[in-house]
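Visitor: I would like to walk through this model with someone who can take it question by question. Where should we begin?

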Amino acid sequence: MTMKPTKPIFVLPLFLLIVLVAGAPDEAVGRVTKIIDGDTFDVQLQDSSLYEDFIRVRLADIDCPETRGSKACEAGKNASAYTRSWLLSTYIFLDLDDKTGKDQYDRWVAVAYLSDDGVPGRNFNKMLVDAGYAEIKDFKNNEFNPETWWS
């Protein structure tokens, strides 16, 4: 009698765990120290695997109106005020772009999550879009797909 080879029962749960960890929104955790504009801010990292204490973050796949330069407008100031009211001096969780990491301006590209009792909570990228302060722009050069994080 020949026995049919069986796959270990733990393979599927292990695979699912790896997939979940790879897209975990806690690749970096820190306190927001400065708002640059609606979609860009500085974070003082806490217990991060990055070799930096402070990073500048550009929110992935969204675009807020400008606050500086020739394209500056009132909508840009409003987006910055919204971001400031939610993020300044608060702790956030970041899902950093694993494809390119940083953009052309040396900012870390990320999806940001508000801290909810010490765990990742609401998606701030989505909050900006839903509140009307940003629009979705699917930049293809990063790992993120707005259809995934916005739905």
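Visitor: In which sense do strand 5 and strand 6 pair?

Guide: In this predicted model, strand 5 covers residues 91-96 and strand 6 covers residues 108-116. Five bridges join the two strands, and in one of the pairings leucine 94 has alanine 112 of strand 6 as its bridge partner. The sense of the pairing between strand 5 and strand 6 is antiparallel.

Visitor: Which strand runs parallel to strand 6, and over how many bridges?

Guide: Here the partner is made up of residues 54-59, and its leucine 59 stands opposite alanine 110 in strand 6. The strand that runs parallel to strand 6 is strand 3, and the bridges between them number three.

Visitor: What is the bridge partner of tyrosine 113 in strand 7?

Guide: Strand 7 spans residues 119-123 and pairs with strand 6 in the antiparallel sense, over three bridges. These two strands form a hairpin with two residues between them. Within strand 7, the partner of tyrosine 113 is asparagine 123.

Visitor: Which residue in the hairpin of strand 6 and strand 7 takes a positive phi, and is it buried or exposed?

Guide: Most residues other than glycine have a negative phi. In the loop between strand 6 and strand 7 lies aspartate 117, which has a positive phi of about 55° although it is not a glycine. A relative accessible area over 50% counts as exposed, so with 78% the residue in question, aspartate 117, is exposed.

Visitor: Where is aspartate 106, and what is its phi?

Guide: Aspartate 106 is placed in the loop between strand 5 and strand 6. It is a residue other than glycine, yet its phi is positive, with a value near 65°.

Visitor: How many of the residues of strand 6 are buried?

Guide: Strand 6 has bridges to strand 3, to strand 5 and to strand 7. The strand is mostly covered, and of its nine residues the number buried is seven.

Visitor: Which element gives the most to the largest nonpolar core?

Guide: In soluble globular proteins, nonpolar side chains tend to be buried together. The largest nonpolar core here has 35 residues, and those with the most contacts inside it are Phe41, Val43, Leu94 and Phe124. Among the elements that give two or more residues to this core are strand 1 (28-37), strand 2 (40-46), helix 2 and helix 3. With seven residues, the element that gives the most is strand 6.

Visitor: With which residue of strand 6 is phenylalanine 41 in contact?

Guide: Leaving aside neighbours within four places in sequence, phenylalanine 41 is in contact with a list of residues that includes Val32, Ile55, Val57, Leu59, Thr83, Leu87 and Ile92. Strand 6 is made up of residues 108-116, and the contact of phenylalanine 41 that falls there is Ala112.

Visitor: Why does the pair of tyrosine 82 and phenylalanine 124 tie together parts that are apart in sequence?

Guide: A search of the whole structure finds three aromatic pairs, one of which joins tyrosine 82 and phenylalanine 124 in a stacked arrangement, at 6.0 Å centre to centre and 20° between the planes. Tyrosine 82 is buried, with a relative accessible area of 16%, and phenylalanine 124 is likewise buried, at 0%. Since tyrosine 82 lies in helix 2 (residues 74-87) and phenylalanine 124 in helix 3 (residues 124-130), the parts that the pair ties together are 42 residues apart in sequence.

Visitor: What does the side chain of asparagine 125 reach?

Guide: Asparagine 125 lies in helix 3 and counts as buried, at 0% relative accessibility. Leaving aside neighbours within four places in sequence, its contacts include Leu59, Val111 and Trp149. At 3.5 Å, the side chain of asparagine 125 reaches the backbone oxygen of alanine 110.

Visitor: How many disulfides does the count come to?

Guide: A disulfide is a covalent bond between the sulfur atoms of two cysteines. Cysteine 64 counts as buried, at 4% relative accessibility, whereas cysteine 73 counts as partly exposed, at 31%. With a cut-off of 2.5 Å between sulfur atoms, the count of disulfides comes to zero.

Note on methods
Residues numbered from 1 in each chain as written. Predicted model: local features only at pLDDT ≥ 70, side-chain atom pairs only at ≥ 80, totals over all residues. Heavy atoms only, no water. Phe/Tyr/Trp six-rings, centres within 6.5 Å; stacked < 30°, edge-to-face > 60°. Helix = DSSP H or I, 4+ residues; strand = E, 2+ residues; numbered from the N terminus. Buried < 20%, exposed > 50% of the residue type's maximum accessible area, 1.4 Å probe, protein only. Pairing = 2+ DSSP bridges. Polar contact = N/O pair within 3.5 Å; in protein donor to acceptor, adjacent residues only side chain to side chain. Contact = heavy atoms within 4.5 Å. Core = buried A, V, L, I, M, F, W, Y, C linked by side-chain atoms within 4.5 Å.
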